[in-house]
Amino acid sequence: MKGLKKVLTGILAGAMALSLTLSAGSAIKAEAATIVINRDNSSKKPNVDEAVVKAQKYTYYKILSADIITQDAKTTEGPTNGSATYYVTDADQKTELEKAGLSFSEMIDGTTTKYILTNANTFTNGDELAKKLNEKIDLTKFTKQEIAAGETSTTIDGLTDGYYLIVSAVGSKLMAQTLGNQTVTLTEKNVYPTVDKKQSKTKSNYADDKLKVKVGDIIYYDIEVEIPKYSGADIFVTDTMSKGLKFNDDVSIVDADGFEPEVVAKTTADTFTFKYKFSVDKIKTLADTKKVYFYFSATVTEDALKDTGRINDVDLDYYNYHETDNVPYTIEKTGLEKKDFADNQKKMKGVEFKLVEATKDADGKDVNVEVKVTKNDEGVYYPDDNGSSTVVTDDNSKIIIRGLEPGKNYKVIETKALPGYNFPAEESARTWTLTLEEDAFSTDANGNNTVTDPTFLTVNNNQGVTLPSTGGIGTTIFYLIGGLLIVAAVVYFVVRRKADAE
């Protein structure tokens, strides 16, 4: 029976660790005992709704009754040296406890039938016995009592000798023995499920870092949920994407091993992407703390251009506890502004450019590869394989491009000038290199994120005709033609005079 004493002075986790202190020795005759439950401040977490915890109730059940044995008692069936015999008198309770692995022998005590616990030494780990009780027995077979929780501690007094299971309204469970006039002090430390989210562009090397992407990229996600084996309530995992991400509806759950969560909701809209529930009934079957992984992906869409969130959130809810983790993404932006060199205020709408990526071909030669884009309803260009490489200045003489691939070298080549403006024959004279920058947000007066313009590359132009520059035919040929015409005229004049003289 020494094993049971270890159990009764141990702890029941149900998401709790428990320390037990006895302030008085066992009494020979039955006297009222007291249980004091203190909250450990170190267990508080910023995500826990403390108001809910403080307003909770404790429900307690007397699982076993006890007869204290005197110091001089010597029996062959029971403990000695001040220990106790544990029993139930209700046959239904006996049946329930046997489901958790407890064994009993029947004894007639006068007119009362007692079922005496006989295998206490089998249970040397309070957590394991608590798990079995929590998982196997039907608590409706035992007398239920409730008490409101105090601000920082709760006192349950007037308890008779026995073994008590205490269940908190937040889903946690405690166990304690009461013998004689003891005051049993319990200190609860809450243990909560956790969630961790990471992302990657390659299905490997997942990280928390902000991810630089282009429109059309696929982002891969990994959510790790750690579930304590004694969690006392359902656990919900909800993933929410901002509007620039399109859920690919490809959730894969790894390492569940028969512990698969239930799908509560799933959608491809921008409200949330999926919601899963880990049922408390399944949690009860866990032999140890469990880690389950969710893998899925999303595609970056053109809505990323005006997405002021650019984030993927995961929310974990467990009774009064809420935890959030997220991973952000970002896109790049660039732009140019066409200006009249003599009049900066003049609008230059309709100037056409070709967008290219400066790269190298298979032979290592420099080449310009056209980059196709499409303009959205706000006049901003974004990558689109079905679009065109032509970009055109708007009413404000500007071109804005968002969502290009980070790290690439992009250029624009002017292909059509406004009437009356210079248009050099050499392509190099009308080619400019664009600079990419992060499409960071600014904050408005209400604290909301707003999209901002890029730093514009200024492209000046002059009215008039531009003569060919270096590398063209130059002006020499015109001088030669003019000189030949003059010589021809002189020769003609001399010949004509000679003819007239004759």
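1. A starting definition for the strand pairings below: two strands pair if DSSP finds at least two bridges between them. Please keep in mind throughout that this is a predicted model.

2. With that in hand, let us begin at Lys411. In strand 31, its bridge partner is Thr433, while Val356 stands opposite Lys411 in strand 30. The strands themselves follow suit: strand 24 (residues 352-360) and strand 30 (residues 410-416) run antiparallel and are joined by six bridges. Strand 30 also pairs with strand 31 (residues 431-433), in the antiparallel sense, over three bridges.

3. A ring pair belongs in this part of the story too. Phe353 lies in strand 24 and Trp432 in strand 31, so their pair ties together parts that are 79 residues apart in sequence. The ring centres are 6.1 Å apart and the planes are at 70°, so this pair is edge-to-face. Phe353 counts as buried because its relative accessibility is 0%, and the cut-off for buried is under 20%.

4. Now for the whole chain. The protein chain has six helices and 35 strands, and 42% of its 502 residues count as buried. Among contacts with a separation of 6 or more, 71% are between residues 24 or more positions apart. The chain exposes about 25,200 Å², of which carbon and sulfur atoms supply 48%.

5. Where is the largest nonpolar core built from? The core has 35 residues, and Val225 and Phe278 have the most contacts inside it. The elements giving two or more residues to this core are strand 14 (218-227), strand 15 (235-241), strand 16 (245-247), strand 19 (274-278), strand 20 (290-300), strand 21 (311-318) and strand 22 (321-330). A second, separate core of 25 residues includes Leu64, Ala66, Phe142 and Leu165.

6. Phe278 deserves a closer look. Beyond its neighbours within four places in sequence, Phe278 is in contact with ten residues' worth of surroundings that include Val225, Ile227, Phe259, Pro261, Val292 and Phe294. Ring pairs also place Phe278 in a cluster with Tyr221, Phe247, Phe259, Phe274, Tyr276, Phe294 and Phe296.

7. On aromatic pairs in general, a search of the whole structure finds 14. One of note is Phe274 with Phe296: the ring centres are 5.0 Å apart and the planes are at 90°, so the pair is edge-to-face. Phe274 sits in strand 19 and Phe296 in strand 20, 22 residues apart, and the pair links distant parts of the chain. Both Phe274 and Phe296 are buried.

8. Is Glu332 buried or exposed? Glu332, in strand 23 (residues 332-340), is buried, because its relative accessible area is 7%, under the 20% cut-off. Apart from residues up to four places away in sequence, Glu332 touches Lys212, Val213, Ile401, Arg402, Gly403, Leu404, Pro406, Leu436, Glu437, Glu438 and Asp439. One of these, Leu404, is 72 residues from Glu332 in sequence and 6.1 Å away in space, C-alpha to C-alpha. A polar atom of the Glu332 side chain lies 3.3 Å from the backbone nitrogen of Glu438.

9. Asp217 offers another acidic side chain to inspect, in the loop between strand 13 (211-212) and strand 14. Asp217 counts as buried, at 11% relative accessibility. The side chains of Asp217 and Lys214 are joined by a polar contact of 2.8 Å. Leaving aside neighbours within four places in sequence, Asp217 is in contact with Lys201, Ala298, Thr299 and Val300.

Note on methods. Residues are numbered from 1 along each chain as its sequence is written. This is a predicted model: local features need pLDDT of at least 70, side-chain atom pairs count only at pLDDT 80 or more; totals for chains, interfaces and linings use all residues. Side-chain values use heavy atoms; hydrogens and water are left out. Helices (H or I, at least four residues) and strands (E, at least two) are DSSP runs, numbered from the N terminus. Buried means under 20% relative accessible area, exposed over 50%, partly exposed in between (1.4 Å probe, protein chains only). Contact means heavy atoms within 4.5 Å. Accessible areas come from the Shrake-Rupley method with a 1.4 Å probe; for residues, only the protein chains shown count as cover. A nonpolar core is a set of buried Ala, Val, Leu, Ile, Met, Phe, Trp, Tyr and Cys residues joined through side-chain atoms within 4.5 Å. A polar contact is a pair of N or O atoms within 3.5 Å; within protein, one must be able to donate a hydrogen and the other to accept it, and residues adjacent in sequence count only if both atoms are side-chain atoms. Rings of Phe, Tyr and Trp (its six-membered ring) pair if their centres lie within 6.5 Å; planes under 30 degrees apart count as stacked, over 60 as edge-to-face and the rest as tilted.
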